[in-house]
Amino acid sequence: MSRDRFTDILRYIRFDHSATREARKMDDKLAPIRHVTDTFVKNCKSCYNASDIGCVDEQPVTFRGRCSFKVYMPSKPGKYEIKIWTLCDSKTFYCCNMEVYLGKRGINPEKQQKQHVIKQMVDF
């Protein structure tokens, strides 16, 4: 694909309605692509029967753009990341469930974040 074609596609592609985006972003930081992520997770759940053994882990994705929920990790090669929690089947490494980490909830530091995420990932 040529660079100009890619630029044109990137300029016009949208995954949500821009008129209602600001109202939805007040409740959900992932509002512009929430429909895409929910559809992906729904398809992962419906198209695969997972085995009894799974693994919940965070998957950091390097990101340098503007985003309110990116995480700064000074010890990593890509210092700015978006953290995605995934539940994968341990036998086939298939993604069964995922959730994008949108930052801490409230003003207090999160305690027992891993336990909360594991319960949420397994409860599908």
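## Close-up views of a predicted model

**View 1. Lys91, out on the exposed side of things.** Lys91 counts as exposed because its relative accessible area is 59%, over the 50% cut-off. Keep in mind as you look around that this is a predicted model. To find Lys91, go to the loop between β3 and β4, where β4 covers residues 95-100. Which residues does Lys91 contact, once we leave aside its neighbours within four places in sequence? They are Ser51 and Ile53. Now look for Ala50: along the chain, Ala50 and Lys91 are 41 residues apart, yet in space their C-alpha atoms are separated by 8.9 Å.

**View 2. Phe93, with a positive phi.** Stay in the loop between β3 and β4, since Phe93 has its place there too. Check the backbone here: phi of Phe93 is near 65°, which is a positive value in a residue other than glycine. Is Phe93 buried or exposed? Phe93 counts as exposed, because its relative accessibility of 67% is over 50%.

**View 3. Asn49, in the loop between α3 and β1.** This view moves to Asn49, which you'll find in the loop that runs between α3 and β1 (54-62). Asn49 has a relative accessible area of 72%, so this residue is exposed. How many residues apart along the chain are Asn49 and Tyr94? The answer is 45, and their C-alpha atoms are separated by 9.9 Å.

**View 4. Asp28, a buried residue in a loop.** Here we zoom in on the loop between α2 and α3 (34-46), which is home to Asp28. Why does Asp28 count as buried? Its relative accessibility is 16%, and buried means under 20%, so Asp28 makes the cut. Follow the side chain of Asp28 to one of its polar atoms, and you'll see the backbone nitrogen of Leu30 lying 3.2 Å away. Beyond residues up to four places away in sequence, Asp28 also touches Arg34 and Leu102.

**View 5. The largest pocket, at about 410 Å³.** That figure is the volume of the largest pocket in the model. It is lined by 16 residues, and the closest to the pocket centre are Lys29, Leu30, Arg66, Cys67 and Phe69. You may recognise Leu30 from View 4, where its backbone nitrogen sits 3.2 Å from a side-chain polar atom of Asp28. Which elements give two or more residues to the lining? Those are α2 (18-27) and β3 (80-89). Sorted by class, the lining comes out as ten nonpolar residues, five charged ones and one polar one.

**View 6. Zooming back out to the whole chain.** Time to put the close-ups in context. The chain has four helices and four strands, and if you read along the sequence you get the pattern α-α-α-β-β-β-β-α. The C-alpha trace spans about 45 × 40 × 35 Å along its principal axes. What share of the 124 residues is buried? Buried residues make up 21% of them, and Asp28 from View 4 is one that counts as buried. As for the surface, the chain exposes about 9700 Å², with 56% of that supplied by carbon and sulfur atoms. One last thing to look for is contacts between parts of the chain that lie far along the sequence from each other: of the contacts with a separation of 6 or more, 49% join residues 24 or more positions apart.

Methods: Residues numbered from 1 in each chain as written. Predicted model: local features only at pLDDT ≥ 70, side-chain atom pairs only at ≥ 80, totals over all residues. Heavy atoms only, no water. 1 Å grid on protein atoms, 1.4 Å probe; cavity = no way out; pocket = protein on both sides within 12 Å on 5 of 7 lines; lining within 4 Å. Points joined across faces, edges and corners; volume = space filled by probe spheres on them. Nonpolar A, V, L, I, M, F, W, Y, C, P; charged D, E, K, R; others polar. Buried < 20%, exposed > 50% of the residue type's maximum accessible area, 1.4 Å probe, protein only. Contact = heavy atoms within 4.5 Å. Areas by Shrake-Rupley, 256 points an atom, 1.4 Å probe, with all protein chains shown as cover. Polar contact = N/O pair within 3.5 Å; in protein donor to acceptor, adjacent residues only side chain to side chain.
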